[in-house]
Amino acid sequence: MSAQITLDWKKDSTFETQMDGHTVTIDTSKEDGGTGSGVRPKALMLVALAGCSGVNVISLFKKMRIGFEKLSIDVKAETTDTVPMLYSAFFITFHVTGKAEESARIEKAIRLSQEYCGVSAMMKKIGPVTHRILLNGSELNIQPTDK
């Protein structure tokens, strides 16, 4: 099994790719010679981590019949001071709006989501990936996941 994309140059430092029928535009900031008309390539790595995690969480919530009203995911990455700047650690915050009595099952689903997320597994080869869960704005007490 393999994966492949094609990235087409448009102008200046703007590129586009078609993925599953959607156009993704990549560019750099005006300060770096771009037009700011697309997302930054490295930031897409964080989007991939959040997206993979989110898809898995929703799947597990459905399988486990966990009711919830809202899910949003923040991903923060630490970077090195080297050139090029590299990501060195990843911190995921899951914001869940749901029933407090579901907290243990919500924690389990999110923990399992990280075991099933291929992007998370790849990022762990770069640096630690840790997460926390805010249920209705209050942090759940969970065990670290950076193995």
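This dialogue explains how to read the domains, strands, helices and pockets of a predicted model.

Visitor: What should be known before reading the model?

Guide: The model is predicted, with local features needing pLDDT of at least 70 and side-chain atom pairs counting only at pLDDT 80 or more, while totals for chains, interfaces and linings use all residues. Residues are numbered from 1 along each chain as its sequence is written, and side-chain values use heavy atoms, with hydrogens and water left out.

Visitor: Into which domains is the protein chain divided?

Guide: Domain bounds come from an automatic or database domain assignment. Here the chain is divided into domain 1 (1–38) and domain 2 (39–137). Their centres, taken over C-alpha atoms, are separated by 24 Å. Contact means heavy atoms within 4.5 Å; by that criterion, 8 residues of domain 1 are in contact with 4 residues of domain 2.

Visitor: How should strand pairing be read, and in which sense do S2 and S3 pair?

Guide: Strands (E, at least two residues) and helices (H or I, at least four) are DSSP runs, numbered from the N terminus. Two strands pair if DSSP finds at least two bridges between them. S2 and S3 pair in the antiparallel sense over 5 bridges, and Thr17 stands opposite Val24 in S3. These two strands form a hairpin with 2 residues between them, and Asp20 in the turn has a positive phi of about 50°. Strand S1 (residues 7–11) also pairs with S2 in the antiparallel sense, over 4 bridges. Trp9 has Phe15 in S2 as its bridge partner. In the hairpin of S1 and S2, 2 residues lie between the strands, and Asp12 takes a positive phi near 45°.

Visitor: In what order do the 4 strands of the open sheet lie?

Guide: The order is S4-S5-S6-S7, with mixed pairing. The edge strands, each pairing on one side only, are S4 (68–79) and S7 (138–139). H1 packs on this sheet, touching S4 and S5, and its direction makes about 150° with that of S4. For such angles, axes are lines fitted to C-alpha atoms, for helices over the stretch in contact, and the values run from 0 to 180 degrees between N-to-C directions. Within the sheet, S5 (residues 87–98) and S6 (residues 129–135) pair in the parallel sense over 7 bridges. His95 has Leu134 in S6 as its bridge partner. Helix H2 (residues 103–116) lies across S5 and S6, running at about 155° to S6.

Visitor: How is a pocket recognised, and which residues line the largest pocket?

Guide: Rolling a probe the size of a water molecule over the atoms shows where empty space is left. On a 1 Å grid over the protein atoms alone, using a 1.4 Å probe, a pocket is an open set of points with protein on both sides within 12 Å along at least five of seven lines, and lining residues have an atom within 4 Å of a point. Grid points are joined across faces, edges and corners, and a volume is the space filled by probe spheres set on the points. The largest pocket holds about 340 Å³ of space. Among its lining residues are Ile5, Thr17, Asp20, Val24 and Leu44. The elements giving two or more residues to this lining are S2 (14–19), S3 (22–26) and H1 (41–63). Domain 1 (1–38) and domain 2 (39–137) each supply at least three lining residues.

Visitor: Which residues line the second largest pocket?

Guide: That pocket, with about 150 Å³ of space, is lined by Asp32, Arg40, Pro41, Lys42, Ala43, Thr79 and Tyr87. H1 gives the largest share of the lining, 3 residues.
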